[in-house]
Amino acid sequence: MATKEEIVSRIKEGGLVAVVRAESTEQAFKITEACIAGGVVAIEITFTVPGAADLIKELAAKYKNGPIIIGAGTVLDPETARTAILAGAEYIVSPSLSVETVKLCNRYQVPCMPGAMTVKEAVECMEAGADIVKIFPGEVFGPKIIKAIKGPIPQAAMMPTGGVSLDNVEEWIKAGAVAVGVGGSLTAGAKKGDYESITTIAKQFIEKIKAARAK
């Protein structure tokens, strides 16, 4: 089993977390396969998906030794975090900070990414022991919020989710984001059964992330 540090390192290195809100297990598997084909390293199954824990369990079993890290998103409390971890989730993502959830994740040495939207919230996440601070919802301020928080807190590791698109992903990375979380703008094709578009878009995201890091 990969260590907490290895998982965080892989997420940062890959730079792209695919946020999956699927309507069925079958759709989630197809989205995951399309993401793998596009070079995505991390998949986040949100707990807004019906039967999310069972879905995480199936995905984690299938890709146990595979190229993908399966995580759980929209985790609001330690009970849900523990359910997700027992199902096989390798990292936990939350829309806001629950100190008890971060404590639980650290107890079991599972990476945790609570959400923040202000400097105060970002500091609170870091003090609680967050591995990466999820900047959410990203579209409220856009890439400039990363730069603004990095001013007084250069050591903050931040990942925006919400509002990240192919048009602005390079801007987010250049502003200092260690990775980006992308949902609809990556997986929208699934609704029409167009999984090839997910692979294509994933490749474009990864190319743009690499290009931004090279500058």
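Reader: Which residue is the bridge partner of V17 in β9?
Author: This is a predicted model, in which local features need pLDDT of at least 70 and side-chain atom pairs count only at pLDDT 80 or more, while totals for chains, interfaces and linings use all residues. Residues are numbered from 1 along each chain as its sequence is written, and side-chain values use heavy atoms, with hydrogens and water left out. Strand β1 (residues 16-20) and strand β9 (residues 180-182) run parallel and are joined by three bridges, where two strands pair if DSSP finds at least two bridges between them, and strands (E, at least two residues) and helices (H or I, at least four) are DSSP runs numbered from the N terminus. In β9, the bridge partner of V17 is G181.

Reader: Which residue in β2 stands opposite V17?
Author: Besides its link to β9, strand β1 pairs with β2 in the parallel sense over four bridges. Within β2, the residue that stands opposite V17 is A42.

Reader: What is the handedness of the β-α-β crossover from β1 to β2?
Author: The chain leaves β1 and passes through helix α2 (residues 25-37) before reaching β2. A crossover is called right-handed if, with the strands pointing away from the viewer, the path from the first strand over the helix to the second runs clockwise. By that rule, this crossover is right-handed.

Reader: Which residues of β3 point the other way from I69, G71 and G73?
Author: In a regular strand the side chains alternate between the two faces of the sheet. Strand β3 (residues 69-73) is mostly covered, with five of its five residues buried, where buried means under 20% relative accessible area, exposed over 50%, and partly exposed in between (1.4 Å probe, protein chains only). I69, G71 and G73 point one way, and the residues that point the other way are I70 and A72.

Reader: Which residue of β3 is the bridge partner of I45?
Author: Strand β2 (residues 42-46) runs parallel to β3, and five bridges join them. The partner of I45 in β3 is A72.

Reader: Is T74 exposed, partly exposed or buried?
Author: T74 is found in the loop between β3 and α4 (78-87), and its phi is near 55°, a positive value in a residue other than glycine. Its relative accessible area is 23%, and therefore T74 counts as partly exposed.

Reader: Where is P137 found?
Author: The peptide bond that leads from F136 to P137 is cis, with omega near -10°. P137 itself is found in the loop between β7 (133-135) and α7 (144-150).
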